[in-house]
Amino acid sequence: MLALVGARARRRRSAAALVGLAVAGTVVVLGSLFGVGIVTEDLATRRALADLSPADRTISIHHSSMDGSEDAADDRTARDALQPVLAMTGPILPVRMYQPPTEWFRVLAVDDLAQWATVTKGRLPARCAMGAKCEAVRIGPELPNGIADVGTAVTLAGTEIEVVGIAQMVPDRPVQVLQLDSAALLIDGLATIQESPELHEVPRTNYWFAPIDPAIAHSWTLADLSDRADAVDRALATANSSFPFSTPEATLRTVHERTEVAIGRLVFISSLIVGVLLAFAAFAAAIERSDVGLEDRRLRAAGASRGARLLFIVGEAFVPAIAGAIVGELAAALAIGVLASSQGLPVDIVLGLALFQPAGIALTVLLVGLAMVATMLGIHPSTGRLLQPRVVIAAVVPAGIILAWQRISAGPVDPAKLAAEATSPASVLLPGALGLSVILGSLVLLPPLLRWLARVTRRAPIGIRLAAISVAREPLRPAAVMTLLAFSVGAVVFGQTYAATLRQGAVDQAAFAAGFDLRVQGLAAEGPFSFFVVPQLEHGVVGADVAVHPMVRLEAVTATQQEFVLVGFDGAAIKDLKGWRPDFSSTSPSELGAAIHLDGTWELAGHVLPADAREVSIDVDYTGDPISVSAIVEEPTGAVQHVDLGDLAPGRQTLRGEIEPSFPLELLPAGAPRQWRVLGLLAKNGGDAREGGPNEGRRQEGDLTIRDLPEVVDPAIATHVVVSALDPMLIRAAARTDGLVLPAIVTPGLAADVDPSGILDVTTDSGLRLRLRPVGTTTRFPSILDPGPVVVVDYAPLKLAINAYEPGAGQPNQVLLGTPSDARTAEVVTALQQGLFPRLLIASRPAIEAQRSSDPFAIGVVWGLVVGAIAGLVLSLVGVLLATASELRDERGELYELEAQGTTPRSLQGLVVLRTLAMCSIGTVTGIIMGVALGWFVASSVGVGAEGGAPNPPLALVAPWAVIAGAAAAILLVTGVTVYALTRRHFARSSLGAGVR
């Protein structure tokens, strides 16, 4: 029976080869994706470790004691305990910190101090043996009165320590673990210290650091870090000592979680390729069902038992499946080796993890078994009645539609859900069900279509006519070729489309995060952002070619308690936003910006003080309770201070208060305004009603006439003042925003939250009430990363409205910068990180884009797509050649009859080439449509960006038509040239009749 199977495999080698190639392609894709996952996780792990500070990637042990009696024993305990983790770390770095309880300083003892610190003043100290005298360098902040400066000395337990230098710690040493909160002295020679009896009694903490080395650590060596850490804990517990122990497990766990997301996405994408290849194995086998049926009848006529005939069917499936599995394993090993080598990883280890782990072997065996079962079902003579294409498609298509409906209606899958559902039926079965539906659809639709094509080409030229007839005579094989090519081209197009979508997604996300080229905001504890940084930028400190757009961002709620982000941004600049995308709104950004922009000057009126004034003096008349009054004074920086003027008393009086700049005026940029202005008065409880008084917070009132602030209050009209504990009174000039309804851009949900007059009433987190009129909608606004509702109004009116409610509060808390080039963007970032600027949070569009594009998970996805595309292309080209060769062999008699009737070999060659190219053209066009459709489906249903996180904004399909057209043309060209060479060799004989029996 085996001899029969082998003979048939040689005789019907094209069908067997197609099945074997399908299995080989499945194994190649599966093994390569295993390799991609391993390499991706390793790259991500090493990058994550490299990005960590030395302290965060350090495995450390420390132990505190009141004296040095146990130092030697503690050192042995710690070093022995760390042995399980040293394979992934550098050498152990010991540090001892002496902590004299009555002194201001600490002393750190290390070995090879030059590897720990860089001297900025003075010199490195000599090695110290802790005799009567020792040398040290000071690290940490400068101390008052020259304490611990170069040339000074301190005494530690009878040892004089002379400071010979000032130093900074080397960044790659994990000194942050020491948590130094003041200056310290660093001495060289931990191993050489001979402690005196006095020093022996000084409390100390010993540290043992083992930093994980990103250059030698790999994901597979760190996979058992938790087990190794448990071994360290057990060793320390056995020593019966208290040794706190820490590892960077949390960081590595985060990397592993991102890897799970990447694997989930690869499963979702690759399941289509694997499912289609397996389905094609059954499809290719089904084409030969009639031939197998004839052989089965011959065996039955010869007296073969049912078991023998079944063994024959098993052999027909087993031989190509096993051959394909062997070829696939070899090809996968080659692909993984190339991939690992290109990333500088040990090829043998990656190959072993990808192909020879129990899970990988089991899955490969399972797929080969499934391929055999599918092939057996495809070729078994009895399945023709049960597995008719129309019957199967009636079952598969509804299932595919239901799964697709479920996926789309559920919305984009976020990273956590994608990782959790990596092996769920919806993720694994859906792409394969869609692919199988198309295969079965082609099996049902293509044969009638090809026969119809033969009928309508009756009057076509002889070459086209003959090609159509030859295809229609045996339509299953051309259908198989076209289907295979369609899926191969579809894999290429899908790979190109999804990769382009991910690349564009990285570009969109970077531009969206930055808004323009840079988004800059301050840290609350790092200096006056709005009073110093923004004015510096507006006056061109970083270059006149940099566009500066201040921005206000607040939290607010509507009257129905819907929370949203309120944004104040210059409406005229919205059209220039780089992070805007057309799918955000049906209205163009220029139209939206024009709709909310309000012209004119938007400034709170105030009384200008003399440039050299350092006092506020106000002449008033008053009758009423002793209300306390403060002058609201705006500094040249834009900051506001409340100057206490005292309590009002009945009668005419002059109120005075001193003013002091809260920021050095000499730091203001040239050309910045330097005038002081009184914006108004703040009245609150005074006398015995002031805070802490016997009548604290009771209602007070009076009538006040202000003579010296005509820009703020009419001196001819008295102002009635009423205050209480919860309701101080602000006396200011009328503002343009008083009662004004601001035009606003809102997200769609808020557009429906207006009152009957079309007004949206909102309240900010500070209590400011605003009335807004939606004039346009957008789903998102660049630089606002929160996924919730957003409202955008013009910057200047919003700033005035805030200052009119609470003077000084209306200040920008972010600024967007536009630069002429990426090179200038880098220069501006450098300028913002040095000079007079405080520490800033800077989001750089080019930097974010580069980081996301080079992310290992993004690269891993592209690798996975490339593997699938290459496997599909190779399979399709070989399948076309095998089908052509089979047709030339099987149709030799028909071709000879045409030759005998006068058709030249050249015409016959053209007939075969034309027929093949026609089929390939149909398959290519179908593949393009299928690949783009699949790209849209994955982009819309898998809400995960290239770097493995949820993309903001969501991915939008990008079809690189030029690349797709070029790839399709190249496929057809290579196919045409190859088929031409094959047919030319076939028709090179003097007559085809020599091969006809």
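**Notebook: strand β24 and its surroundings**

I began at strand β25, where R771 is the bridge partner of D761. Strands here are DSSP runs of E with at least two residues, helices are runs of H or I with at least four, and both are numbered from the N terminus. I note that this is a predicted model, in which local features need pLDDT of at least 70 and side-chain atom pairs count only at pLDDT 80 or more, while totals for chains, interfaces and linings use all residues. Residues are numbered from 1 along each chain as its sequence is written, and side-chain values use heavy atoms, with hydrogens and water left out.

**Entry 1, strand β24.** I looked up the neighbours of β24 and found that this strand and β25 (residues 769–777) are paired antiparallel over four bridges, where pairing requires that DSSP finds at least two bridges between two strands. The two strands form a hairpin with four residues between them, and G767 in the turn has a positive phi of about 100°. β12 also runs antiparallel to β24, joined by three bridges, and A556 is placed opposite T764 of β24.

I then checked the faces of β24 (residues 760–764), taking buried as under 20% relative accessible area, exposed as over 50% and partly exposed as in between (1.4 Å probe, protein chains only). L760, V762 and T764 point to one face and are buried, whereas D761 and T763 point to the other and are not. In a regular strand the side chains alternate between the two faces of the sheet.

**Entry 2, salt bridges.** I counted a salt bridge wherever a side-chain nitrogen of Lys or Arg lies within 4 Å of a carboxyl oxygen of Asp or Glu, and the count comes to 31. D761 and R771 form one of them, at 3.5 Å from N to O; this pair links distant parts of the chain, D761 being in β24 and R771 in β25, ten residues apart. D761 is partly exposed at 31% relative accessible area, and R771 is partly exposed at 38%.

Next I took the pair E634 and R677, whose closest N and O atoms are 2.9 Å apart. E634 lies in β16 (residues 628–634) and R677 in β19 (residues 677–684), so the salt bridge ties together parts that are 43 residues apart in sequence. Both residues are buried.

In a third salt bridge, K578 meets D517 with the closest N and O atoms 2.7 Å apart. Since K578 lies in the loop between β13 (563–569) and α19 (589–596), and D517 in the loop between α17 (476–514) and β11, the pair ties together parts 61 residues apart in sequence. K578 is partly exposed at 40% relative accessible area, whereas D517 is buried at 1%. I also found D517 and K578 linked with D822, R845 and E849 in a network of salt bridges.

**Entry 3, helix α18.** I looked up how covered α18 (residues 529–538) is, and nine of its ten residues are buried, among them F529, F531, F532 and L537. Elements that cover these buried residues include β11 (518–522), β12 (547–558), β27 (814–818), α22 (822–832) and β28 (840–844), contact meaning heavy atoms within 4.5 Å. G540, which follows α18, has a positive phi near 75°.

**Entry 4, cysteines.** I searched for disulfides, defined as pairs of cysteine sulfur atoms within 2.5 Å, and the count comes to one. C128 and C134 are joined in it, with an S to S distance of 1.8 Å, and both cysteines are buried. I also checked C920, which counts as buried because its relative accessibility is 0%.
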